[in-house]
Amino acid sequence: MSSGVVARRGKARRIPIHRTLPRFITNPYAVLDEVGREAGGEVVRLNLGLFRPYLLTHPDHVQRVLRDNADNYIRGGRFWRPLRHLFGDGILGEDGSGWEHSRKTLQPSFTRKYVDSLLDRIGDAVRAGVAELDGPARSGTPLDVGEEMRRIVSRTAVEVLFADKISAVDARRVVDAVDTIGTSVVLRMSLGVTAKSIPVPGDRAYWRAVRTVEEVVVPLVRQAQRGPAEGTDIIALLSRARGADGRELTDAQVRDDIVAMFVTANETTTVVLTWLWPVLEANPDVARQVHEEVDRVVGGRPIGQSEVADLRYTQAVLDELLRLYPAAWVFPRLVRRADVVGGIPIKGGSTVFVSPFVTHKLKEFWERPAEFDPERFLASRRARLHRYAYFPFGGGPHQCVGRHFFQLKALVIVATILSRYRPALDGGGIPRPAVAASLRPGRRIEMTLSPVERRLAA
Ligand code: HEM
């Protein structure tokens with residue numbers, strides 16, 4: 001695809017420190033947005049004081065990093081190291097650790113076909129979670145949107161992926177701990193501090209949260225090691241898995257993958273679905289079309305495969321939501337050997353950022369990028385997109401394993417809620433994002449639900 005962007009030969013354009021620090025720590029989104037917009041797809045180098053990452057936004061460049069030359073752009077270095085306390089060496093570990101083996105173990109449970117076979121279980125879990133909104137809807141009590149999305153998402157993940165092997169109380173403890181880690185780890189990541197002995201603001205909450213995760217997960221690891229177990233849930237899967245040497249996985253391997261799957265299954269889906277409601281409120285025409293589609297396709301019935309296939313506009317709304325609010329907003333990679341991207345030399349040992357948050361809004365690749373327009377994802381228009389102009393789930397060897405699960409679960413959650421209620425929001429508009437490892441709304445959002453009146457068939 002021709003981008004109209006001409007890469008400058010020679011050196012990456014440099015963005016001086018006064019334009020990046022300290023704003024990068026307080027509002028990295030604004031810095032990346034501004035720099036990315038000005039660069040229009042060119043390679044740029046940010047001066048963040050102690051280190052100078054390249055920002056690669058052109059879809060061809062993103063493709064090179066994530067897919068074509070992925071071996072050279074690895075997960076590791078100052079940004080990934082602080083996460084090792086949480087994720088260890090499994091599927092979310094640094095490259096070169098146990099990642100490849102974990103990926104092979106977990107991937108079969110996340111194919112589209114397999115995830116589709118979970119639809120009834122997802123539907124049951126979501127309906128039970130959404131039914132708890134009946135009371136507040138009838139009494140008109142305002143709800144904390146983030147809190148309710150978290151509750152419904154977590155319940156579904158625990159029931160479907162972990163076959164209820166984590167209690168509701170423990171699931172809640174981990175979800176809260178991950179929430180804390182997501183905010184408090186950012187400074188460690190930005191400063192590249194990994195050693196426990198070096199204190200960083202937010203540390204106490206960070207370490208307490210890491211300990212909470214351990215307390216919940218260690219008994220699950222024991223349970224897995226008592227296996228081999230029946231079933232297709234993640235703990236049974238890990239208990240049956242064998243390492244490259246044919247032996248059972250070590251406790252550490254099982255622990256790392258349980259934590260990674262629990263965190264990814266909850267956090268990203270929750271934050272994306274929290275953005276949805278203020279965005280629909282700000283785009284009443286889109287909201288009306290979603291309500292109309294859900295009423296027509298779902299009505300008051302359970303959601304089956306044919307309903308999923310027919311909820312095309314609602315799916316496009318979720319796609320567009322992930323364009324403007326990609327939960328995983330930046331992926332840092334460590335450059336192993338020197339490379340040339342778009343005519344610009346990239347130094348070995350440096351860091352590159354690819355960011356869906358920036359690329360998804362470049363006017364060189366998107367018409368009216370600031371506008372929330374789900375129709376751009378309906379079949380006829382989507383075909384013209386560069387594969388790496390839109391990459392909320394990454395790409396190449398690390399492409400998100402949970403993307404089909406997200407797509408199905410999120411669709412069922414939205415359609416189930418809207419088949420029962422109409423939302424009204426607190427009037428605060430679309431929030432600014434908080435500075436966190438995932439793209440979260442920066443304030444509490446309140447919503448009041450009113451029950452949808454349906455005429456009962458005579
Ligand atoms: C809106 C929801 C989601 C978004 C935006 C998202 C995004 C991503 C992205 C961008 C990556 C690639 C990271 C990289 O290249 O370094 C990734 C990887 C991953 N995601 Fe997701 N994800 C979502 C939901 C899920 C769910 C529901 C699960 C699990 C059930 C999941 C499990 C994973 C795992 C295990 C990886 C690591 C894959 C690997 O490195 O091989 N994700 N996700």
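Me: In this predicted model, what makes the pairing of Arg103 with an oxygen atom of the ligand a polar contact?

Reply: An N or O atom in the side chain of Arg103 is 2.6 Å from an oxygen atom of the ligand. A polar contact is a pair of N or O atoms within 3.5 Å, so this pair qualifies.

Me: Which distances put Arg333 and His398 in polar contact with the ligand?

Reply: For Arg333, an N or O atom of the side chain is 2.7 Å from a ligand oxygen atom. For His398, a polar side-chain atom lies 2.6 Å from an oxygen atom of the ligand. Both values are set against the limit of 3.5 Å, and therefore each pair counts as a polar contact.

Me: Which elements give two or more residues to the shell around the ligand, and which of them gives the most?

Reply: They are α5 (99–106), α13 (251–282), β6 (331–335) and α19. The most comes from α13, with 6 residues.

Me: How many residues surround the ligand, and which are the closest?

Reply: The ligand is surrounded by 28 residues, and Trp99, Arg103, Arg333, His398 and Cys400 are the closest. By class, the shell has 19 nonpolar, 6 polar and 3 charged residues.

Me: Helix α19 also packs against other helices. Why are α9 and α19 called oblique to each other?

Reply: Helix α9 (residues 145–161) and helix α19 (residues 403–420) pack at an angle of about 130°, with their axes 11 Å apart. Roughly perpendicular ends at 115 degrees and roughly antiparallel begins over 145. The angle of about 130° falls between these limits, and the two helices are therefore oblique. The crossing of α9 past α19 is right-handed.

Me: Which residues of α9 and α19 meet?

Reply: From α9 come Met149, Ile152, Val153, Thr156, Ala157, Val160 and Leu161, and from α19 come Phe405, Lys409, Ile413 and Ile417. These residues divide into 9 nonpolar, 1 polar and 1 charged.

Me: Why are α13 and α19 described as oblique?

Reply: Their axes come within 11 Å and cross at roughly 40°. Roughly parallel applies under 35 degrees, and roughly perpendicular starts at 65. An angle of roughly 40° lies between those two values, so α13 and α19 are oblique to each other. Their crossing is right-handed.

Me: What makes up the contact of α13 with α19?

Reply: On α13, the residues are Ala265, Thr269, Val272, Leu273, Leu276 and Trp277; on α19, they are Phe406, Lys409, Ala410, Ile413, Val414, Ile417 and Leu418. By class, there are 11 nonpolar, 1 polar and 1 charged.

Me: How do you know that α7 and α19 are oblique to each other?

Reply: The axes of helix α7 (residues 119–131) and α19 come within 10 Å and cross at roughly 40°. This angle is not under 35 degrees and does not reach 65, and α7 and α19 are therefore oblique. Helix α7 passes α19 in a right-handed crossing.

Me: Which residues form the contact of α7 with α19?

Reply: Leu119, Ile122, Gly123, Val126, Arg127, Val130 and Ala131 in α7 meet Phe405, Leu408, Lys409, Val412, Ile413, Thr416, Ile417 and Arg420 in α19. Of these, 10 are nonpolar, 2 polar and 3 charged.

Notes
Residues are numbered from 1 along each chain as its sequence is written. This is a predicted model: local features need pLDDT of at least 70, side-chain atom pairs count only at pLDDT 80 or more; totals for chains, interfaces and linings use all residues. Side-chain values use heavy atoms; hydrogens and water are left out. Axes are lines fitted to C-alpha atoms, for helices over the stretch in contact, and angles run from 0 to 180 degrees between N-to-C directions. Helices (H or I, at least four residues) and strands (E, at least two) are DSSP runs, numbered from the N terminus. A crossing is left-handed if the near helix is turned anticlockwise from the far one by less than a right angle, and right-handed if clockwise. Contact means heavy atoms within 4.5 Å. Ala, Val, Leu, Ile, Met, Phe, Trp, Tyr, Cys and Pro count as nonpolar, Asp, Glu, Lys and Arg as charged, and the others, Gly among them, as polar. A residue is near a molecule or strand if one of its heavy atoms lies within 4 Å of it. A polar contact is a pair of N or O atoms within 3.5 Å; within protein, one must be able to donate a hydrogen and the other to accept it, and residues adjacent in sequence count only if both atoms are side-chain atoms.
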